[in-house]
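Subject: Structure handover and notes

Dear colleague,

I am passing on the structure below, followed by my notes on what was found in it. Please read the notes with the coordinates open beside you.

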Amino acid sequence: FHFFDKNLLMKNIMRLISYSIFLLLGISVNGQNQTALDFDGVDDKVSVIGASDLVSGSPEISLACWATLNNQAPGFPDFDGIAGLRNDFSADFYLLQLSATQIEARFRNSNNEEFTIEHMGDFQLGVWQHFAFTYDGALLRLYMNGSQVDSLPANGTLANSGGNLMVGHIDFQAFTFGMTGKIDELGLWNRRITQEEINCLISSK
């Protein structure tokens, strides 16, 4: 992490973890971009241990954050994992930068059925943008900067106990898709957040 001392590093890690827990519980919190986590794409990453327990079995789920993406040419095995859950058989819900112009938003249910949005465009490298990925039990929705940019029918629930919420990376088999960029105000919910709530998250930056 690109911080000047250990105390500041730990403060920001705890702040991020606290935000995730508070938002799961429906508690309102505010954040500031100047205290964002900065990832180098190599070995910087954060994991919220056991976070999947809070959304496992829920008919709805949402993930949202501010992010700055800096990788101009991601590609396997150098995709940029933004945040989410992934175990590749019963509990995937994550955001990933596939290319300079493409975002992958994937949900995999407990029956190992995969539903993937691969959205082209609508985001810029090197600037703060807001991403939100929601599921209401029937439809996945991807939002960028408060606007819905894509959707996909889906069904089922996640089933994974003890899985970690990955931040700044997404693990796939023996690979770690590390992010080059920054993340702030991450939230994971056991319900679908609405358009109005997403706009509120954006306006309270």
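Strand β9 (residues 139-144) runs antiparallel to β10, and six bridges join the two strands. Within that pairing, L142 in β9 has D150 as its bridge partner in β10. Please bear in mind throughout that this is a predicted model.

Both strands belong to an open sheet of six strands, whose order is β1-β14-β3-β8-β9-β10 and whose pairing is antiparallel. The edges of this sheet are taken by β1 (37-40) and β10 (147-153), each of which has a single partner strand, so that one side of each is left without a neighbour in the sheet. From one strand to the next, the twist averages 25°. Helix α2 (residues 195-203) lies across β3, β8 (129-135), β9, β10 and β14 (180-189), and the helix runs at about 155° to β8.

In the edge strand β10 there is also a proline, P153, which counts as exposed, its relative accessibility being 56%. Leaving aside residues up to four places away in sequence, P153 touches F115, A138 and L139. Of these contacts, the one with F115 spans 38 residues in sequence, while the C-alpha atoms of P153 and F115 are 7.9 Å apart in space.

The second sheet I would like to describe is likewise open and made of six strands, in the order β2-β11-β4-β5-β6-β7, with antiparallel pairing. Its edge strands are β2 (46-48) and β7 (114-120), each of which pairs on one side only. Neighbouring strands of this sheet are turned against each other by 15° on average, if direction is ignored.

Within this sheet, β5 deserves a closer look. Eight of the eight residues of strand β5 (residues 92-99) are buried, so the strand is largely enclosed by the rest of the structure. On one pairing, strand β4 (residues 80-85) runs antiparallel to β5 and is joined to it by five bridges, with L85 having F93 as its bridge partner in β5. The hairpin of β4 and β5 has six residues between the strands, and in this hairpin D88 takes a positive phi near 70°. On the other pairing, seven bridges join β5 to strand β6 (residues 102-108), again in an antiparallel arrangement, and the bridge partner of L96 in β6 is E104. The hairpin that β5 and β6 form has two residues between the strands.

Turning to the aromatic side chains, the count comes to nine aromatic pairs. One of them joins F79 and F177, whose rings lie 5.3 Å apart from centre to centre with 80° between the planes, an edge-to-face arrangement. This pair links distant parts of the chain, given that F79 sits in the loop between β3 (61-69) and β4 whereas F177 belongs to strand β13 (residues 175-178), 98 residues apart. Both F79 and F177 are buried. Another pair is that of F107 and F115, where the ring centres are 6.0 Å apart and the planes meet at 15°, so the pair is stacked. F107 is buried with a relative accessible area of 0%, and F115, which is also the residue touched by P153, is buried with a relative accessible area of 13%. Beyond the individual pairs, ring pairs link F76, F79, F172, F175 and F177 into a cluster.

Finally, a word on the cysteines. A disulfide is a covalent bond between the sulfur atoms of two cysteines. How many disulfides does the count come to? The count comes to zero disulfides. As for individual cysteines, C65 is buried, because its relative accessible area of 1% falls under the 20% limit. C200, by contrast, has a relative accessible area of 47%, which lies between 20% and 50%, and therefore C200 is partly exposed.

With best wishes

Key: Residues are numbered from 1 along each chain as its sequence is written. Side-chain values use heavy atoms; hydrogens and water are left out. Buried means under 20% relative accessible area, exposed over 50%, partly exposed in between (1.4 Å probe, protein chains only). Helices (H or I, at least four residues) and strands (E, at least two) are DSSP runs, numbered from the N terminus. Two strands pair if DSSP finds at least two bridges between them. Axes are lines fitted to C-alpha atoms, for helices over the stretch in contact, and angles run from 0 to 180 degrees between N-to-C directions. A disulfide is a pair of cysteine sulfur atoms within 2.5 Å. Rings of Phe, Tyr and Trp (its six-membered ring) pair if their centres lie within 6.5 Å; planes under 30 degrees apart count as stacked, over 60 as edge-to-face and the rest as tilted. Contact means heavy atoms within 4.5 Å.
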